[in-house]
Amino acid sequence: MAVPARRVSRTARDKRRTHDNLKAPTLVECPNCKEMIKPHTLCKHCGYYDGRKVK
């Protein structure tokens with residue numbers, strides 16, 4: 001079984017883990033119904049995208 005040759009330092013471990021945090025999703029206000037939606041997506045509430053009725 002493989003065993004690490006040497007212990008990983010705290011700095012090396014923490015550098016590896018820098019991207020392991022959770023981020024809140026980016027949300028913007030729908031210009032038509034003012035519902036919070038993800039950018040560049042169809043509004044599930046009113047069906048508008050880029051000022052046009054899609055759904």
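User: Why is Val3 called exposed?

Analyst: This is a predicted model. In it, Val3 has a relative accessible area of 69%. Exposed means over 50%, so Val3 is called exposed. Val3 sits in the segment before α1.

User: What separates Val3 from Leu27 in sequence and in space?

Analyst: The two are 24 residues apart along the chain. Their C-alpha atoms are separated by 45 Å.

User: What makes the contact of Arg13 and Asp14 a salt bridge?

Analyst: The side chains meet at 3.0 Å, N to O. The rule asks for a side-chain nitrogen of Lys or Arg within 4 Å of a carboxyl oxygen of Asp or Glu. Arg13 and Asp14 at 3.0 Å fit that rule, so the pair counts as a salt bridge.

User: How many salt bridges does this rule give?

Analyst: The count is one salt bridge.

User: Are Arg13 and Asp14 buried or exposed?

Analyst: Neither label applies: both are partly exposed. Arg13 has a relative accessible area of 28%. Asp14 has 39%. Buried means under 20% and exposed over 50%, with partly exposed in between. Both values fall in between, so both residues are partly exposed.

User: Where is Asp14, and how far from Thr41 in space?

Analyst: Asp14 lies in helix α1, residues 10-16. Asp14 and Thr41 are 35 Å apart, C-alpha to C-alpha. In sequence they are 27 residues apart.

User: Why is Cys33 called partly exposed?

Analyst: The relative accessibility of Cys33 is 24%. Buried would need under 20% and exposed over 50%. Cys33 meets neither cut-off, so the label is partly exposed. Cys33 lies in the loop between β1 and β2. The C-alpha atoms of Cys33 and His45 are 7.7 Å apart, with their positions twelve residues apart in sequence counted as separation.

User: What is notable about the phi of Lys34?

Analyst: Lys34 has a positive phi of about 70° and is not a glycine. Most residues other than glycine have a negative phi. Lys34 is found in the loop between β1 and β2.

User: Which phi does Asp50 have, and why is Asp50 called exposed?

Analyst: Asp50 has a positive phi of about 55°, although not a glycine. Its relative accessibility is 63%. The cut-off for exposed is over 50%, so Asp50 counts as exposed. Asp50 lies in the loop between β3 and β4 (52-53).

User: What lines the largest pocket?

Analyst: The lining has 15 residues. Pro31, Ile37, Tyr49, Asp50 and Gly51 lie nearest the centre. Strands β1 (28-29) and β3 (48-49) each supply at least two lining residues. The space in the pocket is about 190 Å³.

User: How many lining residues of the largest pocket are nonpolar, polar and charged?

Analyst: Eight are nonpolar, four polar and three charged. Among the residues nearest the centre, Gly51 is classed as polar, because Gly counts as polar in this scheme.

User: Which residues make the nonpolar surface patch, and how do you know that Leu42 qualifies by area?

Analyst: Leu42, Tyr49 and Val54 make a patch of about 240 Å². Leu42 has a relative accessible area of 32%. A patch residue needs over 30%, so Leu42 passes on area. Leu42 is also partly exposed. The place of Leu42 is in the loop between β2 (36-37) and β3. Tyr49 belongs to this patch and also lies among the residues nearest the pocket centre.

Notes
Residues are numbered from 1 along each chain as its sequence is written. This is a predicted model: local features need pLDDT of at least 70, side-chain atom pairs count only at pLDDT 80 or more; totals for chains, interfaces and linings use all residues. Side-chain values use heavy atoms; hydrogens and water are left out. On a 1 Å grid over the protein atoms alone, a cavity is a set of points where a 1.4 Å probe fits but cannot get out, and a pocket is an open set with protein on both sides within 12 Å along at least five of seven lines; lining residues have an atom within 4 Å of a point. Grid points are joined across faces, edges and corners, and a volume is the space filled by probe spheres set on the points. Helices (H or I, at least four residues) and strands (E, at least two) are DSSP runs, numbered from the N terminus. Patches are made of residues with over 30% relative accessible area and no salt bridge: like charges are joined within 9 Å, nonpolar side chains (Val, Leu, Ile, Met, Phe, Trp, Tyr) within 5 Å. Accessible areas come from the Shrake-Rupley method with a 1.4 Å probe; for residues, only the protein chains shown count as cover. Buried means under 20% relative accessible area, exposed over 50%, partly exposed in between (1.4 Å probe, protein chains only).
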